[in-house]
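Good morning, and thank you for coming. Please have the sequence and the coordinates open while I speak.

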Amino acid sequence: MTSPSPEVQVPLTGIWLSAEPIQTPIDTLVIDMLASNLASRALREAELEELRRGVKLADVALEYLGLRTISVDGDGDPPLRVVASDSPRDSWRDALVLPEGDRPIGILISTADAGPLVLVHEVFDRFTEPEKELVRRYAALAIRGEPHEAIVAALRTGVGEAGLTKGLRAMRRSVRLLDPTVLFSPDGATRVQLGSLSRTTKDILREGLQGDYLFILPASLFEGRTNYADIEFLVYLNFFLRQQARTRIAGTSRQWHVLHRLLTLTLFGLFDPAAPETPSFEKLAETYGVGSRETYHFLRTAHELYAARHDGSPESPLLGVDAYVDFFTLDGEATVIPLPSAEVRVAPSGRGFDVRIAQPDGRSSEKKLEVGTPPRLLRPIPAELREAIQFASDRPLFGVTPLGTSHGFDASGDFTSFIIWVNGKGILVDPSSEALAYLDQIGVAPADVLYVFLTHVHADHDGGLVEKLVSGSPTRVIASDPVFRAFVEKARLLTGRDFEGERLVTHISANPDNRVRIEVAADYAELETRWNLHPIPTNGFKLTFGGRTFGYSGDTQYDPATLEDLRRRGMLAEAHFQDLMYFFWTPDGEPTVDLLYHEAGIPPIHTDKEALRALTDAITSKMSLVHIADGEVPRGFAPSKPRLFATQVLLPTTPRSRRRVLLGAMRHVAYLYDMSSTTLETLLHGAEIVTNFPDEVIIRKGPVAPGEPMHFQIVADGRVSVRDGRRAITTLSRGDTFGEWGIGQQRGFRAADVVADRPTQAIRLSEEQYHWLVGKHPVIQERVNKMRGLLPRLQLAQERARLKAALEPGARSVIEHMTASQLSGFAIFSLVKEFKQGHHVFVEKDKADGFYVLLLGHLAVGTEGRFTSELSEGDVFGEMGLLEGATREASVTVVSADAEVLFMSTQSFQHLLHTMPAFAGGIWETAAGRRELIRRRP
């Protein structure tokens, strides 16, 4: 074969270490690689187009991609250019090690001087010669324009199904060596991994259930926002799919105590098979809020129905955690762990472990395993589906958007999670980490997710909620009492934190037999729950709004024969039987919901889809299957799965609802907080609603031409940046404003650029409307002037607070994550106080009359004449006394030459509690963090 000439163009495509259909096009990786040199998304897309057309010189293309050539493999035609990354973040490496990814080992581009180029990642040099030959043959076919499926078929014809599978698996194993958490033995029969992520089970399923696995627990089970002790699905996988194989885990004795309790909670719920006696109803009522003896007996029946037993007979004892796990204690300097296929030596080393795998044949492999920030694969969201819900004003009055529709044992699907829209606001159900990322990708503001509904505490249902709380996001959780208390306990075991005590989580109790009204944007939705047949406490629910009802089964076994048998044997009370049989439809087959998401996972602890197909057409026409892999639902099967990210509308948006959402955005503006509805409606009536796209310049810095109209704008949704050249001064989101300063104080000159960071909706008002507003309400101009004087200083203090938090884990400031709108509110309701060296800001036992932000200077904190800590610029202080008592618990004294503080009085704070809940929530969070630091001091 002859290499194509420089004039020949090839399609921009990839070389993949996968025989499956490709999920993510190579464009996604290339765009990510370009980000290190091109900050603008628009510029990255333009560069991508030039790489497609082949108009860049080869060296320039590599430079833009952040790559350098380290060698050339000339043993095939075309030659392969082996490259390494020069970027601080190696996006290509991240894509290769991503367990659920497509593993792109190569990228084909066209260039103006060298023609088609085949770039392969440097890990190619680790492949064996037969493995390299597979890559060369793939490249030869790809450069001719053959699609991935045809290339895979040709490779399969050449080396056979077994040869292709073996080669791909071996190459993927070599690629995984780039992952700092994984080590394989030379023969690939032994795998040692530091920690277990939510997707580890999927990775093992994709690679095939074979060989021996050992999982080492890192020092911190939760690192950053990542759970490295996501073990429960591994335990299920080994025990039930590998004939009761135990999961091998290594860690400290303290970690075993934590893990034992964690697995007991997630495998068995409220009952421990290894406990000397079964807990009484009274005990579980006190500890977990079990509301009745009937509920107690139901939960115990479900536990005993699904738990594994010693010899499989119904009369034999239940198996406890010890039957599911082999735990190896790492309390010494080094530990040798014998496995059937190899011997593993584990020794602590800094924040990781030095690991050596020795095979019986004398070959060995070794590596230092360390935790890092794991890459995450997100599916592309079609533009039309994203645009339907990216702005609150466009969302349905009542509807549902699926963010994942599969289960934990599907190698390629995302966990089932969805968001219910009510008045443009969201109730997020069973959030996964991916669901949170998808909402951010869509552009849904965190403030729009008012509630999280939690059905139970299995990791595929609560993983995103733990991540959300760890990130410091206050959350209102709707759940039954047993589910919520189990979650709080599980989160404390994983993270060491009491989110309820820190006031990061607020519980809204939703127990069966007790309908709950949920407030959403001044309206109410009604919620009704039931108990499900599942190994641990689990709920399904119905939500009614505006005369329409949505239902979610939650994880349960719907099997009429089993339910009838349990009732006949006296193991299922009539009320529970009726709920499990007829919660979503009547006995004569009529649905009581307008839309139903029903799970159809792997029996017996889930519902067989055939049981649902047997229902009446009237029911199945309202039903969508979730918690099931795409491949498990045949084409034409009814009921079918919902389309991922496609919003199902129960009540459409209306002009009135859209207007109400926009008025809500206006009420977020700090200086408009007390304006009457009439004033806001008058402004909105004369406003223009505009949409700006990423990188679009909304306002350009510089002089205003004579007669050129000026506007001020309120961000209703999305995010924009205020920039001076390439430097971002600040970012603005919902409730933030821009342009009014130019109208009120700098007519004729715009001081900065304003650029959209992501799709943004704004309420654009004219210069005349601004003058009408300040003429009618002169206090507006006073507030704007005060904001403009204090905001730069608060932003500087905020930046210092962020730097301090980065350098000192545990250092927290209420202003660290404040939006521009929240900082504006702080400025409006506060006043600046000045102090000289040696002066007290306040004294121990003083009445707590407010709290402070240190803008300038250095302060010392002491109790009973003893120095306890110090405060630097950006620190918030005084909030403990304000929130928890009538007097100050410490004295604060100026130790620098002078100091300036921003003071907010108790009265102003109480006002903010009602007008800016997000602001107040940050104060509570900071107080909780301070309290935790004090508790941990020796």
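I shall discuss the cavities, then two sheets, and between them one pair of helices.

Please keep in mind throughout that this is a predicted model. Let me begin with enclosed space. How many cavities of 30 Å³ or more does a search of the whole structure find? The search returns eight.

The largest cavity holds about 130 Å³ of space. Its lining is made up of 14 residues, and those nearest the centre are Glu100, Lys202, Ser412, Gly413 and Asp414. Sorted by class, the lining of this largest cavity comprises six charged, four polar and four nonpolar residues.

The second largest cavity contains about 90 Å³ of space. Here 13 residues form the lining, with Trp16, Leu134, Tyr138, Leu155 and Leu168 lying nearest the centre. Three elements each give two or more residues to this lining: strand 1, at 13–16, helix 5, at 129–142, and helix 6, at 148–176. Which of these elements supplies the largest share? That is helix 6, with six residues. The classes in the second largest cavity are 11 nonpolar and two polar residues, with no charged residues. For anyone considering the two linings side by side, then, the largest cavity has six charged residues, whereas the second largest cavity has none.

I turn now to the first of the sheets. Four strands form an open sheet in the order 13-14-15-16, and the pairing is antiparallel. Strand 13, residues 335–338, and strand 16, residues 364–369, stand at the edges; each has a single partner strand, so one side of each is left without a neighbour in the sheet. From one strand to the next, the twist averages 20 degrees. At one edge, strand 13 is joined to strand 14, residues 343–349, by four bridges, and the two run antiparallel. Within this pair, Ile337 stands opposite Val344 of strand 14.

Next, the pair of helices. Helix 7, residues 200–207, and helix 8, residues 232–241, have axes that come within 8 Å of each other and cross at roughly 35 degrees. The crossing is right-handed. On the helix 7 side the contact is made by Thr200, Thr201, Ile204 and Leu205, and on the helix 8 side by Phe233, Leu234, Leu237 and Leu241. By class, this contact of helix 7 with helix 8 has six nonpolar and two polar residues, and no charged residues. I would also point out that Lys202, which we met among the residues nearest the centre of the largest cavity, falls within the range of helix 7, residues 200–207.

Finally, the second sheet. Seven strands form an open sheet with mixed pairing, in the order 22-21-20-19-18-17-29. Which strands stand at its edges? They are strand 22, residues 505–509, and strand 29, residues 648–651; each has a single partner strand, so one side of each lacks a neighbour in the sheet. Neighbouring strands of this sheet are turned against each other by 25 degrees on average, direction ignored.

Strand 22 pairs with strand 21, residues 475–479, in the parallel sense over five bridges. One position to locate there is Val477, whose bridge partner in strand 22 is His507. Helix 14, residues 459–470, lies across strand 20, at 449–453, and also across strand 21 and strand 22. This helix 14 runs at about 155 degrees to strand 21.

That concludes the presentation, and I welcome your questions.

Methods:
Residues numbered from 1 in each chain as written. Predicted model: local features only at pLDDT ≥ 70, side-chain atom pairs only at ≥ 80, totals over all residues. Heavy atoms only, no water. 1 Å grid on protein atoms, 1.4 Å probe; cavity = no way out; pocket = protein on both sides within 12 Å on 5 of 7 lines; lining within 4 Å. Points joined across faces, edges and corners; volume = space filled by probe spheres on them. Nonpolar A, V, L, I, M, F, W, Y, C, P; charged D, E, K, R; others polar. Pairing = 2+ DSSP bridges. Axes fitted to C-alpha atoms, helices over the stretch in contact; angles between N-to-C directions. Left-handed = near helix turned anticlockwise from the far one by under 90°. Contact = heavy atoms within 4.5 Å.
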